[in-house]
Amino acid sequence: MRLARAPARQPPETIIALIDVVFFLLVFFMLIGRMDATAPFDVMPPTAFTGADMPAGGRTIAVSAEGSFAFDGQLVDDVALEQALADLVGDDPETLIRVNANRQTELRHVLPLVRRLEELGAVNIALVVTPETSLGGP
């Protein structure tokens, strides 16, 4: 008597390969995903024009490293600067006003000046910068 052998079973599919694929997908999406909170509205950062030629005309306010001010080449105190700016903006708010601060000047001297110009109604305010190539950079 001959016994019939049971048909050979196919080995079950291993899910190890599937686990590897899921792990790689998880790592991939973690690497490309953003981990920071996004704003509830669109934010487009401003475009900077560093080193562009300054338009002609206008007036210049210079700020020293210590926070002293000069208006069109004349050293002025805070009160005289405030009066000159109020007169200037009152006459023509479209006048170009250049803020030329020393590289060592702290922002606490520059930002209140720019804020005050905006409060007075100045429309064209330009912060003067030095192109990176002239500083020995790329």
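1. T105 sits in the loop that runs between β4 (96–101) and α3. The model is a predicted one, and the points below should be read with that in mind.

2. Is T105 buried or exposed? Its relative accessibility is 11%, so T105 counts as buried, the cut-off being under 20%.

3. The side chain of T105 has a polar atom 2.9 Å from the backbone oxygen of S64. S64 also appears among the contacts of T105 once neighbours within four places in sequence are left aside; the others are V63, A65 and V110.

4. A second threonine, T60, is placed in strand β1, which spans residues 59–63. With a relative accessible area of 22%, T60 is partly exposed, because the buried class requires a value under 20%.

5. Which residues does T60 touch, leaving aside its neighbours within four places in sequence? They are A70, F71, D72, R98 and N100. With R98 there is a polar contact from side chain to side chain, at 3.2 Å.

6. T60 can also be placed relative to V128: 68 residues separate the two in sequence, while their C-alpha atoms are 9.6 Å apart in space.

7. On helix packing, α2 (residues 78–91) and α3 (residues 107–120) have axes that come within 10 Å of each other and cross at roughly 40°. The crossing of α2 past α3 is right-handed. On the α2 side the contact is made by L81, E82, L85, A86 and V89, and on the α3 side by L113, R116, L117 and L120.

8. What is the make-up of the contact of α2 with α3 by class? There are 7 nonpolar residues and 2 charged ones, with no polar residue. By class, E82 of α2 and R116 of α3 are the charged members of the contact.

9. Aromatic pairs come to a count of 2. For F28 and F29, the ring centres are 5.2 Å apart and the planes stand at 70°, so this pair is edge-to-face, the cut-off for that class being over 60 degrees. F28 itself counts as partly exposed, since its relative accessibility is 43% and the exposed class begins over 50%.

10. To recap the two threonines: T105 is buried at 11%, and its side chain lies 2.9 Å from the backbone oxygen of S64. T60 is partly exposed at 22%, and its side chain has a polar contact with that of R98.

Notes:
Residues are numbered from 1 along each chain as its sequence is written. This is a predicted model: local features need pLDDT of at least 70, side-chain atom pairs count only at pLDDT 80 or more; totals for chains, interfaces and linings use all residues. Side-chain values use heavy atoms; hydrogens and water are left out. Helices (H or I, at least four residues) and strands (E, at least two) are DSSP runs, numbered from the N terminus. Buried means under 20% relative accessible area, exposed over 50%, partly exposed in between (1.4 Å probe, protein chains only). Contact means heavy atoms within 4.5 Å. A polar contact is a pair of N or O atoms within 3.5 Å; within protein, one must be able to donate a hydrogen and the other to accept it, and residues adjacent in sequence count only if both atoms are side-chain atoms. Axes are lines fitted to C-alpha atoms, for helices over the stretch in contact, and angles run from 0 to 180 degrees between N-to-C directions. A crossing is left-handed if the near helix is turned anticlockwise from the far one by less than a right angle, and right-handed if clockwise. Rings of Phe, Tyr and Trp (its six-membered ring) pair if their centres lie within 6.5 Å; planes under 30 degrees apart count as stacked, over 60 as edge-to-face and the rest as tilted.
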